Amino acid sequence: MASTHPKPGSFIYDLDTPATLIDLDRLEKNIAQWQAEADRCGVRFRPHIKTHKIPEIARMQMSAGARGIVSAKVSEAEPFAAAGIEDICIAYPVIGEVKWQRLAALAARVRSLTVNCDSSEAARGLSKAAAGAGVTIHIQIDIDSGLHRGGIPSDDQSSIDRLAVEIQSLPGLRFAGITTFRSSAFPGAPNAVDAGHTEGRLVVEIANRMRTAGFEVAEVTAGSTPTGKWVAEVAGITEVRAGNYVFYDLMQLNNGVAKEEQLALSVLCTVVSKSGSDHLTIDGGTKTFSGDGGGVGAGGQPSIIARAVDRRIFVERLSEEHGVARTEEPVKLGEKIRFFPYHACTCVNLTDEIIGFRGERVEVVWPVQARGFRT
């Protein structure tokens, strides 16, 4: 009989559906492998929690050796501060009085708070809030290294230097260094190895020019799941970042970044309807998988939105509660099947809890505490 409330020891295929699952063995290996790569290269590693949004997983990453965490939004970081994570970076251009005040309050709760900045307006707003609260916020200048979604253009050294001068002059702020996010999942991008080396060298060269001009640039950070391991190999990089690596997904598999045995996140669904021998419908739609294009700069739905684990069943179309799939093998009505999502990050954001299993038995149930936190 299906269980409404997952309990440790339960057989995962007895769970009610849809249910979002984590293979704990794969999760632990992914965390260990990435930390080992950063350690091998002698750089610090800071995972992005946007993928899992779960403080318990962040603690696992910290225990493995991570320096701290990255989040995109201020509200997303707050549950992690409450859970005891003391080194937090907001890798996003933060604009607005309310958000600046929240950051100042967050800085008072943690040992170190770093914020990305690419404008004088943001620097002044952060300064006012930090000085008023009697705290210090570390600022990294965000460099646009080719993605064109934020940051000062990498070839505009004078603007980078001017912002650094202003940050150094403002109370409550400390100029900490520079950062960039480029990835390799955009049209015309080189392979991940070359993209990572190029990304790393670009910010190191900017940092060196700044040092020549008299700036102290303590931190030079870059990287993503596609490029982070290769960014780490560039001399002069101090910290690499990645988020999706913790679960991986079909997007990373298709891009050659992940292997099948590294995919840790899946969604258990039930076959609720069949149409002939080659099409079926499952009880997971856009409210379960999201169905977004996933890639940085991508739009629309991917051709395969989800794929069954170890089976030839491919979800090709979604509505809110329906996933329409093509199957190349016999499937029974009512059968429960696990599916790898195309994009793990948005899939996780759609569920209140994630069930961790080992050997097809439930081991833990984690609330997704930062789910839906967009401010």
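**Entry 1: the strands around β14**

In which sense do strand β13 and strand β14 pair, and over how many bridges? Working from a predicted model, I looked up residues 306-308 for β13 and residues 313-318 for β14, and I found that the two strands pair in the antiparallel sense over two bridges. I noted that Ala306 has Val315 in β14 as its bridge partner. The hairpin that β13 and β14 make has four residues between the strands, and within this hairpin Asp310 takes a positive phi near 60 degrees.

I then followed β14 to its other neighbour, strand β15, which spans residues 323-327, and found antiparallel pairing over five bridges. Here Val315 stands opposite Ala325 in β15, and I recorded that β14 and β15 also form a hairpin, with four residues between them.

**Entry 2: Arg317**

Is Arg317 buried or exposed? I located Arg317 in strand β14, and it counts as exposed because its relative accessibility is 52%, where exposed means over 50%. Leaving aside its neighbours within four places in sequence, I listed Ile305, His322, Gly323 and Val324 as the residues in contact with Arg317. I also checked His279, which is 38 residues from Arg317 along the chain, and the C-alpha atoms of the two are separated by 11 Å.

**Entry 3: helix α3 and strand β4**

I turned next to helix α3, residues 74-82, where eight of the nine residues are buried, so the helix is largely enclosed by the rest of the structure. I wrote down the buried ones as Val74, Ser75, Glu76, Ala77, Glu78, Pro79, Phe80 and Ala81. Their cover includes α2 (55-64), β3 (69-71), β4 (87-90) and α4 (97-109). Just after α3, I noted that Gly84 takes a positive phi of about 105 degrees.

As β4 is part of that cover, I looked at its two faces and found both of them covered, with Asp87 and Cys89 buried on one side and Ile88 and Ile90 buried on the other. β3 and β4 pair in the parallel sense over three bridges, and Ser71 stands opposite Ile90 in β4.

**Entry 4: the nonpolar cores**

Which residues of the largest nonpolar core touch the most other members? I found 101 residues in this core, and those that touch the most other members are Leu103, Leu113, Ile137, Ile141, Phe247 and Phe339. Apart from this core lies another, of eight residues, among them Ile12, Ala19, Ile355 and Val362. For Leu103 I looked up the contacts, not counting residues up to four places away in sequence, and these are Val74, Ile90, Val94, Leu113, Val115, Leu126 and Ile137.

**Entry 5: Asp249, a charge without a partner**

I found Asp249 in the loop between β10 (239-242) and α9 (250-254). Asp249 is buried yet has no salt bridge, and Lys50, the nearest side chain of opposite charge, is 7.8 Å away. What does the side chain of Asp249 reach at 3.0 Å? I traced that contact to the backbone nitrogen of Gln252, and I found the backbone nitrogen of Ala344 at 2.8 Å from a polar atom of the same side chain, that of Asp249. Not counting residues up to four places away in sequence, Asp249 touches Asn244, Leu263, Pro341, Tyr342, His343 and Ala344.

**Entry 6: salt bridges**

I counted 26 salt bridges and followed a few of them. Glu28 forms one with Arg358, with the closest N and O atoms 2.9 Å apart. Glu28 lies in helix α1 (residues 24-41) and Arg358 in strand β17 (residues 353-358), so this pair ties together parts that are 330 residues apart in sequence. Glu28 counts as partly exposed at 34% relative accessibility, and Arg358 is likewise partly exposed, with a relative accessible area of 27%.

The side chains of Glu219 and Arg67 also meet in a salt bridge, at 2.9 Å from N to O. Since Glu219 lies in strand β9 (residues 219-222) and Arg67 in the loop between α2 and β3, the pair ties together parts 152 residues apart in sequence. I noted that Glu219 is buried, with a relative accessible area of 10%, whereas Arg67 counts as partly exposed at 25% relative accessibility.

Back at helix α3, I found that Glu78 meets Arg102 in a salt bridge of 2.6 Å, N to O, which links α3 to helix α4 across 24 residues. Finally, I recorded one network, joined by salt bridges that share partners, made up of Arg44, Arg46, Arg67, Asp87, Glu219, Glu239 and Arg241.

Conventions:
Residues are numbered from 1 along each chain as its sequence is written. This is a predicted model: local features need pLDDT of at least 70, side-chain atom pairs count only at pLDDT 80 or more; totals for chains, interfaces and linings use all residues. Side-chain values use heavy atoms; hydrogens and water are left out. Two strands pair if DSSP finds at least two bridges between them. Buried means under 20% relative accessible area, exposed over 50%, partly exposed in between (1.4 Å probe, protein chains only). Lys and Arg count as positive and Asp and Glu as negative; His and the chain ends are not counted. A salt bridge is a side-chain nitrogen of Lys or Arg within 4 Å of a carboxyl oxygen of Asp or Glu. A polar contact is a pair of N or O atoms within 3.5 Å; within protein, one must be able to donate a hydrogen and the other to accept it, and residues adjacent in sequence count only if both atoms are side-chain atoms. Contact means heavy atoms within 4.5 Å. A nonpolar core is a set of buried Ala, Val, Leu, Ile, Met, Phe, Trp, Tyr and Cys residues joined through side-chain atoms within 4.5 Å.
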